[in-house]
Amino acid sequence: MAISPSTPIDFAAITSEMSGIVSRWFNGTIQIVDPNLDNITFDAWTNATTGTETVLWTGSARIQPVSQSRDVNGGRSVLATRTVRFQVPLDETRAFVRSGLMIRVTDGGQFSDLVDLQFNILSAVNSSYAWLLTIECEADVKSEVV
């Protein structure tokens with residue numbers, strides 16, 4: 001089918017088709033979590049936290065390390081943290097994804113060590129012509145979730 005300058009582009013139809021195609025590459029499983037920090041208590045004696053967190057969404061994802069994080073003040077690479085991109089299906093039922101939420105990996109696909117890391121969401125801004133939702137996170141690669 002040829003596309004002429006006068007033929008309108010059906011972005012919704014293309015997104016619907018391409019979302020299914022790119023989702024086939026998702027081999028991990030994640031949870032988007034609201035840590036509800038106001039409801040969590042830290043016990044310094046036992047080094048443990050108690051309280052509740054809320055799982056906002058669970059589903060399949062593609063998990064891709066992007067770069068080392070940068071010190072915004074000095075421009076230096078921060079070797080202990082990595083920026084990680086999560087790509088998840090478009091889902092109108094999912095709550096708004098914002099900075100301050102976390103991602104917990106429940107299945108790391110071919111790299112099971114991803115389950116041991118904590119991912120703090122930096123942003124989830126998408127394009128106007130999105131086939132999936134892209135979430136940018138920062139991970140402390142020197143510490144493990146206990």
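**Exercise 1. Strand pairing around β7**

In which sense do β7 and β8 pair, and over how many bridges? Then trace the pairing onward to β6 and β1.

*Solution.*
Step 1. In this predicted model, β7 and β8 are antiparallel, with four bridges between them.
Step 2. Take F119, whose place is in strand β7. Its bridge partner in β8 is A139.
Step 3. Turn to β6. Two bridges link β6 with β7, and these strands run antiparallel.
Step 4. Find the residue pairs. I103 has F119 as its bridge partner in β7. M102 stands opposite N120, also in β7.
Step 5. Go on to β1. Five bridges join β1 to β6, again in the antiparallel sense. Here Q31 stands opposite R104 of β6.
Result: the pairings lead from β1 to β6, from β6 to β7 and from β7 to β8.

**Exercise 2. The surroundings of F119**

Is F119 buried or exposed? List what surrounds this residue.

*Solution.*
Step 1. Apply the cut-off: buried means under 20% relative accessible area. F119 has 1% relative accessibility, so F119 counts as buried.
Step 2. Set aside neighbours within four places in sequence. F119 then contacts V84, F86, L101, M102, I103, V105, L114, C137, E138 and A139.
Step 3. Combine this with the pairing. The contact list includes I103 and A139. I103 is the β6 residue bridged to F119, and A139 is the β8 residue bridged to F119.
Step 4. Check a distance across the fold. R82 and F119 are 37 residues apart along the chain, and their C-alpha atoms are separated by 9.5 Å.

**Exercise 3. The largest nonpolar core**

How many residues does the largest nonpolar core have, and which have the most contacts inside it? Which element gives the most to this core?

*Solution.*
Step 1. The core has 21 residues.
Step 2. The residues with the most contacts inside it are I30, I32, F86, I103, F119, I121 and I135.
Step 3. Assign the elements. Two or more residues come from each of β1 (28-34), β4 (54-70), β5 (77-89), β6 (102-107), β7 (119-123) and β8 (132-140).
Step 4. β8 gives the most, with four residues.
Step 5. Set this against a general tendency: in soluble globular proteins, nonpolar side chains tend to be buried together.

**Exercise 4. The second largest pocket**

Which residues line the second largest pocket? Describe its volume and the character of its lining.

*Solution.*
Step 1. The space in this pocket is about 150 Å³.
Step 2. The lining consists of I63, P65, R82, V84, F111, D113, L114, L117, F119, A139 and V141.
Step 3. Sort the lining by character. Nine residues are nonpolar, two are charged and none is polar.
Step 4. Look for the strands involved. β4 and β5 each supply at least two lining residues.
Step 5. Relate the lining to F119. V84, L114 and A139 are among the lining residues, and they are also among the contacts of F119.

**Exercise 5. Q87 and N47**

Classify Q87 and N47 by accessibility: which counts as buried, and which as exposed?

*Solution.*
Step 1. Q87 belongs to strand β5. Its relative accessibility is 17%, so Q87 counts as buried.
Step 2. Beyond neighbours within four places in sequence, Q87 contacts F26, S60, A61, R62, L132, L133 and T134.
Step 3. N47 lies in the loop between β2 (41-43) and β3 (48-50). Its relative accessibility is 61%, so N47 counts as exposed.
Step 4. Check the backbone. N47 is not a glycine, yet its phi is positive, at about 55°.

Conventions. Residues are numbered from 1 along each chain as its sequence is written. This is a predicted model: local features need pLDDT of at least 70, side-chain atom pairs count only at pLDDT 80 or more; totals for chains, interfaces and linings use all residues. Side-chain values use heavy atoms; hydrogens and water are left out. A nonpolar core is a set of buried Ala, Val, Leu, Ile, Met, Phe, Trp, Tyr and Cys residues joined through side-chain atoms within 4.5 Å. Buried means under 20% relative accessible area, exposed over 50%, partly exposed in between (1.4 Å probe, protein chains only). Contact means heavy atoms within 4.5 Å. Two strands pair if DSSP finds at least two bridges between them. On a 1 Å grid over the protein atoms alone, a cavity is a set of points where a 1.4 Å probe fits but cannot get out, and a pocket is an open set with protein on both sides within 12 Å along at least five of seven lines; lining residues have an atom within 4 Å of a point. Grid points are joined across faces, edges and corners, and a volume is the space filled by probe spheres set on the points. Ala, Val, Leu, Ile, Met, Phe, Trp, Tyr, Cys and Pro count as nonpolar, Asp, Glu, Lys and Arg as charged, and the others, Gly among them, as polar.
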